[in-house]
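Open the structure in your viewer and keep the selection tool at hand. The stops below say what to select next.

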Amino acid sequence: MLEVLRRIIQEVNGARNLDAALATMVRRIRKAMRTDVCSFYLFDHAIDRLVLMETIGLRAQAVGRVSLEVGEGLVGLVAKREEPLNLEDAQAHPQFRYFEATGEERYSSFLGVPIIHQRRMLGVLVVQQSEKRRFDEEDEAFLVTMAAQLAGVLAHALATGGLNRPSIPGGQARFTGVAASPGIAIGEAVVIAAPADLDSVADLIPTDVDYEIARLKEAIGRVRDEIRAAGERLASRISAQELALFDVYQQMLSEAALSQEVEKRIREGQWAPGALADVVRRHVQYLERVDDNYLRERAADVRDLGRRVLAHLQEETPQTPDVYPENTILVGDEISVAMLGEVPRDKLAGLISVRGSSTSHVAIVARAMGIPTVLGMVDLPLPRLGGNRVVLDGHRGRLFVRPSPELESHYQSLIEEERALMAVLEHEQDLPSRTPDGHDMPLMVNTGLAVDTVASLKSRIGGVGLYRTEVPFMITERFPGEQEQARLYRDQLESFAPLPVVMRTLDIGGDKDLPYFPIEEANPFLGWRGIRVTLDHPEVLMVQLRAMLRASQGLDNLQVLLPMVTNVDEVDDALRLLDRAILELGEEGVVVKRPRVGVMLEVPATLYQLDALAGRADFFSVGSNDLTQYLLAVDRNNPRVAELYDANHPAVLAAMARLGEESRRLAMPTSVCGEMAGDPAGALLLMGMGFTTLSMNAPSLPRVRAAIRRVSLASARELVEETLRLDSPHAVRRHLEARLGEWQLAHLLPPKD
């Protein structure tokens, strides 16, 4: 049965479109299971009904016409329960409902299984038999496996319009990813190609096959000319044996060796860069596995040739369009900050990426710029998305392709409400962040961008609570030198002086790699990151500390923050390097004061070492994002489990409350710089827990300030006590919404569905 399953999946994946895939699937399943009927019902979200989309065995005229509500009939029951239903005598079941158009009165036995993708019910797969037959466990397992395979294919098609849906002409499709930056955007999807890299070329369906083949041949011809010219230039300087390598290259580029194979892939439905990458990768993988040393060495040659041809192909294929539409929703396999920077700011409305995470560089920048962003849409194919009207919900990580007029109108009203609210809140942004009972709650900003994007906030904040120093490292092709870093840091420190600027030492690893210093690990979030990396490379940390100290001369508003600390030895080692940097600079005539040094509390182990850490540090800064992730054992960047990541989890709130209490006992200034601080309800809880400072992305400041100015410290403390008695994230959210509603602050929360 496994081999049969494999063959069906191959045929379904190789079908020219989803309609053909469904037709193939129902026929192959019926044959494999030796049944009379196999049918597929699609759950149409626009009309909240299950629609018969494909069948073999029932009447063909029923396709697209027969529909039923969830819970109606046996098919509806499968959808409602979201579990298989196996009946020997279907008509005896109290939920059985007869549909005359299908002609199913002839069939007795029934086996139906739901098709579910990322917890969303997409449809139901059914087999039926005329005689009474109890399908066995193997039959049921087979159909469940087929449904699981179909779920991904179906989700692709719904997102890209690849499914012919007669019940809703051009109906909308919904897709889900990881919410990376809040907000709502409506606009036109603009798909951008991936960077010039064989391993990151997007799969795109060619609109003009002949054109793709022509530009492939042109690119190969140009590489041939380059190699011939290089060989001629070196002919008098290398031996005949080495010169023969150029002949090998020419042979590899010949029609038979490369061009024909790539051309075949293009005709099968792949654009030229994707076809080239597929062929080159296949050859390289084969050559690297063989026993022959000579052939293994040729793998590098093939890879090099592939890159050369790809470079020319991508010269002919602009990575970004010349003109962007108003309200551009940028879509890509993996969007970099460089790509983001190529879109005019007044036209960039939102970002969507197949890869990426809520802590990636582009997510950090998007939040700081206030651009709604959804990343990690792992099943989102790029072909045919370009030019579609889309709605992007950055609050919940949703994308609607070809939205219905009603849905677009609903989201447009939410956008207008948001604008009106921000206009109202703008009037009080220069007022103190002070509660009605006189408690001052300093608000600081997280940054890592150019100074001019946040310096205008100086009159509204208490300083920079987190300056991400890895941003300058990410936009260069090498480790920046001491003078280069010092200039960047000096700009920040001068712009905010005399306000404090908390500079976090280089925090790479996890999902934040440097292009020139890649870190590849099976589990990067539990691996080599933060202070673990920089202590292993003191030459990098010393240059950075010296640059920070040099930049602070005469300003004295620098504070240094150590990320990803797990034990006190790491703090001791970092402090020794800091003292050494101060001594070295003094010997060079640069006299600086020792800055205050803080420890990031983001690893749960630090919660049990607070006394020891307090004896070494001047302040604490809680990274609530990573702390939540580690406490819940949830990779928040994995869309399959991202919903389990919840700062409202009772365990997270209990840990934060204990941390606030312990910080007060130790008289240790403690700030919170994660996303929890930028949420109005979360900010009130943190204030009630006793944290001394909140640091957030600039777009979050107005809502948080408005909440603090309207809720007393006493009320915030009561809110903490009430919330800590609750036992589920859902109960916590419901209670917070209710209390903010009582305080007439519900408008500060993200809009509801």
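This tour of a predicted model visits two residues and then a helix.

**Stop one: Gln95**

Select Gln95, which sits in the loop between β4 (85-87) and β5 (109-117). Is Gln95 buried or exposed? Neither: its relative accessibility is 29%, so Gln95 counts as partly exposed. Now add Gly71, Gly73, Leu74 and Leu77, the residues in contact with Gln95 once neighbours within four places in sequence are set aside. Leu74 lies 21 residues from Gln95 along the chain, yet their C-alpha atoms are 5.8 Å apart. At Gly71, look for the backbone oxygen, which the side chain of Gln95 reaches at 3.0 Å.

**Stop two: Arg703**

Move to helix α22 (residues 701-708) and select Arg703. With a relative accessible area of 11%, Arg703 is buried, because the cut-off for buried is under 20%. Which residue has a side chain in polar contact with that of Arg703? Show Glu418: the two side chains are joined by a polar contact of 2.3 Å. Beyond residues up to four places away in sequence, Arg703 also touches Leu421, Met422, Leu425, Pro680, His747, Leu748 and Leu749.

**Stop three: helix α20**

Select residues 650-665, the 16 residues of helix α20. From first C-alpha to last, α20 reaches 23 Å, close to the 22 Å expected at 1.5 Å a residue. Colour the buried residues of α20, among them Pro650, Leu653, Ala657 and Gly660. In an α-helix, residues three or four places apart point the same way, because there are 3.6 residues a turn. Finish at Ala667, just after α20, where phi is positive at about 55°.

Methods: Residues are numbered from 1 along each chain as its sequence is written. This is a predicted model: local features need pLDDT of at least 70, side-chain atom pairs count only at pLDDT 80 or more; totals for chains, interfaces and linings use all residues. Side-chain values use heavy atoms; hydrogens and water are left out. Helices (H or I, at least four residues) and strands (E, at least two) are DSSP runs, numbered from the N terminus. Buried means under 20% relative accessible area, exposed over 50%, partly exposed in between (1.4 Å probe, protein chains only). Contact means heavy atoms within 4.5 Å. A polar contact is a pair of N or O atoms within 3.5 Å; within protein, one must be able to donate a hydrogen and the other to accept it, and residues adjacent in sequence count only if both atoms are side-chain atoms. The expected span of a helix is 1.5 Å times one less than its number of residues.
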